[in-house]
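Here are my notes on the model you sent. They run as numbered points, so keep the structure open alongside.

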Amino acid sequence: MNGQPLRAALDRLIGPGTDPAGLRVGVDLVHIPRVEALARQHGERWLADHFTAREREQLAAVRGRPMATLAGRLAAKESFVKLLAPARALVLTRDIEVLRGPGGAPGIHPRGTALRELREAGVDRWTVSITHEGDWAIAVAAGLANGPRTDPRTDPHPAPAKEQ
């Protein structure tokens, strides 16, 4: 194999000619019955600790297997945290908003701690994929780092904040 199919896949993900050395990946596997038990045991308080109001609104509208969707979204958040590893600070799961986008594809909208860690790591593009089968949900997050940014406390020209 000459590596051309892999190069083509990387070009689609991170852009033609981009050095894949900045590619970051995180993955997480979640047992759906465990998430169902947590949601049942701790209720709205647990949901509010981990999911934004917009996420909870979308989750409430899910038909079919809502607990599988909930577990998939949780896996997406955890995979995104792993993409940021090693993070300098604790990244709160509720600062990683996973929303259904046009056509149903999930999208990650970082805020607060997650946004700060993305900037610190120099990650400026990312994507996520979620799937579930049987009792399991899995998510993979991939991002591209163009190199770490300078420390905003010592950089005389820090990147402007763009929190949502």
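**Notes on the fold**

1. Begin at the hairpin. Arg 100 has its bridge partner in S3, and that partner is Pro 106. Bear in mind that this is a predicted model. The two strands involved are S2, residues 96-100, and S3, residues 106-110. They pair in the antiparallel sense, over five bridges.

2. Look next at the turn of this hairpin. Five residues lie between S2 and S3. Gly 103 takes a positive phi there, near 80 degrees.

3. Now the open sheet. It has three strands in the order S1-S5-S4, with antiparallel pairing. S1 (23-31) and S4 (123-133) are the edge strands. Each has a single partner strand, so one side of each is left without a neighbour in the sheet. From one strand to the next, the twist averages 15 degrees. Strands of a sheet pair through backbone hydrogen bonds.

4. One pairing in that sheet deserves a closer look. S1 and S5 (residues 136-145) pair in the antiparallel sense over nine bridges. To find the register, go to Gly 26: its bridge partner in S5 is Ala 141.

5. Then the interior. The largest nonpolar core has 30 residues. Those that touch the most other members are Val 35, Trp 46, Phe 51, Leu 70, Phe 80 and Ile 96. Two or more residues come from each of H2 (32-50), H4 (66-84), S2, H5 (112-121), S4 and S5. Which element gives the most to this core? H4 does, with nine residues. In soluble globular proteins, nonpolar side chains tend to be buried together.

6. Val 35 is a good residue to click on. Leave aside residues up to four places away in sequence, and Val 35 touches Val 30, Trp 46, Leu 70, Ala 71 and Leu 74. Of these, Trp 46 and Leu 70 are also on the list of core residues that touch the most other members.

7. Is H5 largely enclosed or left open? Eight of its ten residues are buried, so H5 is largely enclosed by the rest of the structure. The buried residues are Gly 112, Thr 113, Ala 114, Leu 115, Glu 117, Leu 118, Glu 120 and Ala 121. Note that Glu 117 and Glu 120 are on that list. The cover over the buried residues of H5 includes S1, H4, S2, S3, S4 and S5.

8. Last, the exit from this helix. Gly 122 comes just after H5 and takes a positive phi of about 75 degrees.

Definitions and conventions: Residues numbered from 1 in each chain as written. Predicted model: local features only at pLDDT ≥ 70, side-chain atom pairs only at ≥ 80, totals over all residues. Heavy atoms only, no water. Pairing = 2+ DSSP bridges. Helix = DSSP H or I, 4+ residues; strand = E, 2+ residues; numbered from the N terminus. Axes fitted to C-alpha atoms, helices over the stretch in contact; angles between N-to-C directions. Core = buried A, V, L, I, M, F, W, Y, C linked by side-chain atoms within 4.5 Å. Buried < 20%, exposed > 50% of the residue type's maximum accessible area, 1.4 Å probe, protein only. Contact = heavy atoms within 4.5 Å.
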